[in-house]
Every structure is written in structure tokens, then in C-alpha cells.
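These are my notebook entries on a few local features I looked up. I begin with a sheet and then turn to the surface and the backbone.

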Amino acid sequence: MNTPAAGPGTLAERILRGVGGAENIESLTHCATRLRFQLHDGAKADTAALDALDGVMATVAQSGDRLQIVIGGAVARVYSEIMNLPAMRGAGTPAPRSDADVKAAMRAKSRGRYAWVDNFFEYLSDSFRPLMGVLLGSSLIIAIASVLDALGVVDFRAADKSATWVFVDAMWRSVLYFLPLMVAYNAAKKLKVDPWVGAAVMAAVMTPNFTGMLDPKSGIPGITCTTNGTLGTQECVAHVFGLPMQLNDYGGQVFVPLLMVAVLALVYKGLQRVFPETVHLVFVPFFSMLIMIPVTAFLIGPLGVWAGNGLGEGLSWLNGNAPIVFAILIPLLYPFLVPLGLHWPLNALMLVNINTLGYDFIQGPMGAWNFACFGATAGVLLLSVRHREKEMRQTATGALAAGLLGGISEPSLYGIHLRFKRIYPRMLVGCLVGGVLVGVLGGVDTKAFAFTSLLTIPVFSPMATYSIAITAAFFVSMALVYFSDFRTPEERAQANAERDAAEAASRGEAVAADDRELVTVGAAATAASGSASGSGSGSGSGSEAAPAAPTPAPATTGKSIELAAPVAGRVVGLDEVGDPVFASRALGEGVGIEPADGRVFAPVDGELIIVAATGHAFGIRTADGVEVLIHIGIDTVKMKGEGFDVRAEAGRQVSVGDLLVEVDLDAVRAAQHPTVTLMTVTNTADLASVEPHTGQDVTVGVPVVTVRR
């Protein structure tokens, strides 16, 4: 077959041809498994040819000219190859936005009232986020060592360890000890300063020359040392250039590089304005180091250590004097801190605690939150298997693996939990249960910075307490999500119908994505009735009539029923409505009416079994089982209820001429959606015949469809 995606070339080139070329791409991003295209014209994409490509698992066409191509684990590589194709940089074609561009735009839209607050937390987040991989790597190394220690293979905490295990210590301590250099590099990069200057300034106070002065036996004159009675740490002061300089071991510190780089940015950019651009390379780094190394050693370093120690001591006091409050507070706060990026200061305090106290008491209660999060994801996974939701099953599987094995909550949060409002309350119950258990059982500590996963359980002490708490948090959240569902009844009906539609599509039957909740009216009836109270703002009786009383349709006579026009206007056949799904009769036989006004009435007596939350669609079942769908406009689900004043409630009995909804047709047109109102008999296949009467101008109540049993 000759298709746009056929022919020679790499997978990236064939995908580009399959979506209609670079000129048809408005934006391109990717997630964990899928390429996400926003196209200028979705009709130009050849999904059949794309599906046939080796390396493409599936294609999913969506409304609004969106297209997803499922690649799997190689998605990042394929995305990069597509973005690097010469065609993607063609003249006259705007470059598609990258993931970073899209995320930056989303962050810009979500900024709060005070820009400096957003900038502060973004500074913290971007200084730490690139280090996630190496922090995870070091935490897994220490986790493996801790497992071997628990099994008695080696005494991991012994003072006289062999050279082998001293070397293993170096493997994970490398990240934590040199963390200040890494944070300084990232922070400087964030503030648009030469990142190597930031790293070099921090490195100056971590050299053996500097740290050697911390040893009272070094023999260097002018150094005095005392012991801090509260923390049990040693404090030394050196006299440099005749001035007292507090000496600290800055290994593992995070506040110091964050403070230092903030000042460095002012100095660095000030020097750029002072010196001509031709000599920036020489003099700007030189004077930046000459100024900032002494400022860091004399002022910023001690200030950062004091700040970190002060916060650590404050939390330590709360943990020591009100441990149950502390253990409950931490897991209940984290679900709200992580999505906003506000958890980084607490992560920094964990590192400070390990560096100053030798242990951390925050990560134990935090584990209750993480495992409650993973438990909620497990509940979603079980439901997705039960309801055959392929995409959700893939999302939940990946998120659960990242959580249980890597201790990473973001895939669960951003991929699932923040999309469904029912999950958070159930997850918080798991957080509460886990936190209470940590507090009641005496608290949990750890001597390592560890991502809270299954692999790092051995680094927590007491391990039994921690295991009990996270297990309870996990299964409580999982059970609550599974047995009460993460979708509302109406959302579940929609999801099930969408699944059925997808399965039908695989057999060659097309069903519109925006009408998925109405494909099987009977199947959705119970769920819709259960959620009817929140579906509209009904007037009570739902029986408001048109100013000119509509002519009632004839009552049922024998085996035929007449369906009345729900709105005044011109009656057309389904082939003329401009929607391929209705034209295919996948939603049954019926008519379309180009409306003369926006008042839509019940076309038949029966039970109003579905009222779409957006007000754009209604389902009625007659006493003898005829199921009627009234759909206002095409793609009007995207308006999310704007311009739709619902006047009836699901679950009520309606009569011909009862007002269902008032629609602002001008708003529909302004949103660039067709206003045609469609009426179909969704169970046409179960009936003897459904005969539309088209080609006429009608008023409300005039018979337009004859149904015979």
C-alpha cells in the first residue's frame, strides 16, 4: 500500500511523514511511553500507516487535532531523533515546542500572586531536580549494603571495615559529600551565571587545604577549637588576614551553596556590566572568585551552617517533644508540597540532619506518604485491570514500578492522582494511618539520604516499625481507592463506554470520543442516576414549557412511537450533520435539526436517565424501552458547560415538551462548534425500524422520527 509513512528512512522520518510532515506539527512533546502531537490538521495523519511501522505500538487519535503515538521505552530517543531531523528546522515553519518549553509555559500559567515566591521555589527545585538520578543511585548503593548488613554478610557500621567496604562507602558518600558542588553548579546555571564559577567557589572551602584546618592536631598556628554541647560537633576558628573565620566541614551542606550562588549572581552580573565584553572571559570569573571565596568562607558559609542547624534543631525539638504530632504532620503535608515543588527545603533539611546529627528523622514519616501514594496507584492499577482500561493500566504500572523500586512519586502524582479528585482524600487516610503508626511506635530514623522505596527499607531503624507503617499506609490507600473507585459514577460510565468504543473500533466500528459517555445509554443509566444531583441545576419539576405550547407528539399506538422535534428548525438527515460518527449510525438512526433558537425540549415521554455534566447531551428511556439520545452541537463537550443552562435532572420522569436545557447558541458559534442538534435512537438495532422525516422546517413537538417495535 502506498502511504505517507511508507518508503525508506528511519523510524523518526517515517513517523514525520505519517503525521503529515513537519509543516503539519504545531507542537510535539513526549511522556514516558508516548509521543504527543498537536497537529494543524489531524486529517492529514495516516494512522493506519503509522500503526504498521515497526517500533510503533499503537496510535491514538484524539479530538482537537491531537495524536498520540505509543513507542514504549524508546520514546525519548525517537523524540530526539524527530526533533533533530532537518525538516523540523525548515524555513518558514515554527519549531515545535519541546517538553521543556511546554513545562515552562505551564509553570508560567500557574504562577501565583507574588512572583518572588514562585521564583524562590523554582530556584530551589531547579537546583535539586537534575540531581535526582545520582541521589537515587547513591541511595540504592547504600540500600544494597544495608541489606547485606541485615543478612549478616558484612558489618556495615563497623569501625574496622576492610578496604573493600571502605571503598563501597566512598561510592555512595561521593554524592552526599560533594553535593554542595553539584547544587552550586545547578543553582548558578539557573541564575544564568557560569556554573563552573559557582562550583569553583564552593570547592575552595572543601579542599584538603581548608578542611585540614579543622584538625586541632594539624599544627597550623592561629586555630582554636571548641565542642558544641548541644549537637556534639566540633567548632574551630582560624585567624585569616587577622580576622576570625569559623571553620566548617561543608561536605553535604545545601544551604551554603544556595545562599552563595544567590550573592554570586549579583556580583557576576555586576562585573559583566563593568568590564567590556571582550575581556569577560578573563576578568569576570577572576574577580568573582576573588570576591566570593572569602565572602563564602567568612560570612555565607557560617551563616548557612547556622541556618541549617537552627532549622534542624527546631524540627528535632518538635520530633522529641511531640513525636506523634511530627509523625502525622510530615506525611499529611507532603501530598501538597510535592506537586508545588515545595518539598525541596525539607529534603535539604534531611541532608543537614545527616551531616550535623548523623541521622535524619524526617524520612521515616515521609515514607508513610510515599507508600500511601504508591498504594493509591496500586488501587488504580487493579481497577484498570478489572475494567480493561489499557492506557490507565500502562500508566499505573509504570508509575507503581517507579514508586516501589525507585521511591519516585511524581509519575503517580502527575500521571494519575492530580487528574482524579477522588484519589487525594483516600490517599490522605493512608498517610494519616502510616503517620500515626510511626508516632505511636516511637519514630523512625535513618543515617542515609534514601528514596523511600522497597529497596531502601533496610536503611531505616527500627526497620520493623517502618515496615509496619508503610505497609499499613500502602494497603489502606489501595483498598479505599479500589473499593470506592477513583472515578465518580458518571466518570466510570464514561470510561467503560470509552473502553467499549475502543474495543468496537478495533473491530472496525467508529465511535466519537466526545460522545463516549452516551454510546450505551442503558449501561450508563444507573451510574448517571447516582450522580444526577451534581449534573445540573434543575428547576425542580423540569416541566417548563415553550412560550408557544409545543404540539404533543401522538401517544404510543400499537407498536409505533413518534419522537417529537426537541427544538425548532430545519430537519436534516444524519449524513448531512458533518459528523462521521453520527453519519455512521454508530449511535443509532435519527435526525439532525439546525436550531432556530436555543431552547431544547423532551421529544418523548420517559425517564431522563442521563444528563451530561456539561449539559450538551441527554438520554431518555421510554416505558417500553426505546432509548433516545439528544445531543446539542458537535464537539460541544469541549465547552465544559459554558453557555448551557441545564433545567432538568437525571432520574426524573419527563413528558413531551418539558424544557431540558437553554443553550446560548452565540456562545457555541463563538467557540467554533456547529450548533446542529441531533436526536438518535441508540438501540436502533433492537427495534423493527426507525424512520426519520427530514427535509422540513418544524416547530417544537412536531413528529420527526417514527419508531416501530
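Entry 1, sheet. I traced an open sheet of three strands in this predicted model; the strand order is β13-β19-β17, and the pairing is antiparallel. I noted β13 (599-601) and β17 (644-646) at the edges, where each has a single partner strand, so one side of each is left without a neighbour in the sheet. From one strand to the next, I recorded an average twist of 20°. I then followed β17 to strand β19 (residues 659-663) and found that three bridges join the two antiparallel strands. For Phe-644, I listed Val-663 in β19 as the bridge partner.

Entry 2, loop between β16 and β17. I looked up Asp-635 and placed it in the loop that runs between β16 (627-632) and β17. Its phi is positive, about 65°, although Asp-635 is not a glycine. I placed Lys-640 in the loop between β16 and β17 as well, and its phi is also positive, near 55°. Most residues other than glycine have a negative phi. Asp-635 is partly exposed at 23% relative accessible area, whereas Lys-640 is exposed at 71%.

Entry 3, cis peptide. I found a cis peptide bond between Ser-461 and Pro-462, with omega about -5°. I located Pro-462 in the loop between β9 (460-461) and α19 (463-484).

Entry 4, surface. I recorded a nonpolar surface patch formed by Leu-281, Val-282, Phe-283, Phe-286, Leu-290 and Ile-291, which together have about 600 Å² of accessible area. I assigned Phe-286 to helix α12 (residues 280-321); Phe-286 is partly exposed, with a relative accessible area of 41%.

Note on methods: Residues are numbered from 1 along each chain as its sequence is written. This is a predicted model: local features need pLDDT of at least 70, side-chain atom pairs count only at pLDDT 80 or more; totals for chains, interfaces and linings use all residues. Side-chain values use heavy atoms; hydrogens and water are left out. Two strands pair if DSSP finds at least two bridges between them. Helices (H or I, at least four residues) and strands (E, at least two) are DSSP runs, numbered from the N terminus. Axes are lines fitted to C-alpha atoms, for helices over the stretch in contact, and angles run from 0 to 180 degrees between N-to-C directions. Patches are made of residues with over 30% relative accessible area and no salt bridge: like charges are joined within 9 Å, nonpolar side chains (Val, Leu, Ile, Met, Phe, Trp, Tyr) within 5 Å. Accessible areas come from the Shrake-Rupley method with a 1.4 Å probe; for residues, only the protein chains shown count as cover. A salt bridge is a side-chain nitrogen of Lys or Arg within 4 Å of a carboxyl oxygen of Asp or Glu. Buried means under 20% relative accessible area, exposed over 50%, partly exposed in between (1.4 Å probe, protein chains only).
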